[in-house]
Amino acid sequence: MRYLLGLLLCVGMAGCSVSIEGDTYKQQTPEFSLEQFFTGEVKAWGIVQNRSGEVVQRFTVDISGTKDGNVLVLDERFTYSLGDGPASRVWRITPQINGTYTGQASDILDVATGTPYGNAFNFTYSMDLPVDDTTYTVAFDDWFWALDNDTLMNRSYIKKFGLVMAEVTIFMQRQ
């Protein structure tokens, strides 16, 4: 009986995780270029949903992208209409010789890693996320899909112990 309950728990928990295969998008168009999309001004609209699907944040982001040598600098300014969060974040994203990217921001732990896949881009990183009076170290599995040359959809899966605790959905448009 214990074995059966353990098996059911493992199967149930597996249903709470998300696994996207980037190779699925390698041949899809339009091909997404991080530098091309984010150099200039971008407007974004997003929501955060908790595990129950309840929208706990609504926000807009004004993103200003510039190049500093080969480094892409993204200056993000957030405005919240529901909930709260960081007012700003500045990313410094550097292309690597092997075609991947690394990224850093003041509230990101260690270094973010990014991998392009045709019309998709995957960014993974960890951060200390303040929620109410507690801070949780969580992992972000951040996926971007180019809808056309000026429009992007972003889905972020916020994970703790490998389980999705919240999801972020953002639509971005070049201005």
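## Report on a predicted ten-stranded barrel

Threonine 151 counts as buried because its relative accessibility is 17%, where buried means under 20% relative accessible area, exposed over 50% and partly exposed in between (1.4 Å probe, protein chains only). The model is predicted: local features need pLDDT of at least 70, side-chain atom pairs count only at pLDDT 80 or more, and totals for chains, interfaces and linings use all residues. Residues are numbered from 1 along each chain as its sequence is written, and side-chain values use heavy atoms, with hydrogens and water left out.

Threonine 151 belongs to strand E9 (residues 151-160); helices (H or I, at least four residues) and strands (E, at least two) are DSSP runs numbered from the N terminus. Leaving aside residues up to four places away in sequence, threonine 151 touches Phe37, Trp145, Ala146, Met172 and Gln173, contact meaning heavy atoms within 4.5 Å. From threonine 151 to glutamine 175 the separation is 24 residues in sequence and 9.8 Å in space, C-alpha to C-alpha.

**The barrel**

Ten strands close into a barrel in the order E1-E2-E3-E4-E5-E6-E7-E8-E9-E10, with antiparallel pairing; two strands pair if DSSP finds at least two bridges between them. From one strand to the next, the twist averages 25°, an angle on a scale from 0 to 180 degrees between N-to-C directions of axes, which are lines fitted to C-alpha atoms (for helices over the stretch in contact).

Strand E5 (residues 101-104) runs antiparallel to strand E4 (residues 88-95), and four bridges join them. Proline 95 has tyrosine 101 in E5 as its bridge partner, while isoleucine 93 is partnered by glycine 103. The two strands form a hairpin with five residues between them, and glycine 99 in the turn has a positive phi of about 90°.

On its other pairing, E5 meets strand E6 (residues 108-117) in the antiparallel sense over three bridges. Here tyrosine 101 stands opposite glycine 114, and three residues make the hairpin connection from E5 to E6. The covered face of E5 holds Tyr101 and Gly103, whereas Thr102 and Gln104 are on the uncovered one.

**The largest pocket**

The largest pocket has a volume of about 1,200 Å³. On a 1 Å grid over the protein atoms alone, a cavity is a set of points where a 1.4 Å probe fits but cannot get out, and a pocket is an open set with protein on both sides within 12 Å along at least five of seven lines; lining residues have an atom within 4 Å of a point. Grid points are joined across faces, edges and corners, and the volume is the space filled by probe spheres set on the points.

The lining has 46 residues, and the closest to the pocket centre are Val48, Gln57, Leu129, Phe140 and Ile158. Strand E7 (residues 120-131) gives the most to this lining, with eight residues. By class, the lining has 32 nonpolar, six polar and eight charged residues; Ala, Val, Leu, Ile, Met, Phe, Trp, Tyr, Cys and Pro count as nonpolar, Asp, Glu, Lys and Arg as charged, and the others, Gly among them, as polar.

**Backbone features**

Most residues other than glycine have a negative phi, and most peptide bonds are trans. Two residues with positive phi are listed below.

| Residue | Phi | Location | Relative accessibility |
|---|---|---|---|
| Aspartate 110 | near 55° | strand E6 | 69%, exposed |
| Phenylalanine 161 | near 55° | loop between E9 and strand E10 (163-174) | 78%, exposed |

The peptide bond from threonine 29 to proline 30 is cis, with omega near 0°. Proline 30 sits in the loop between helix H1 (2-14) and helix H2 (34-38).
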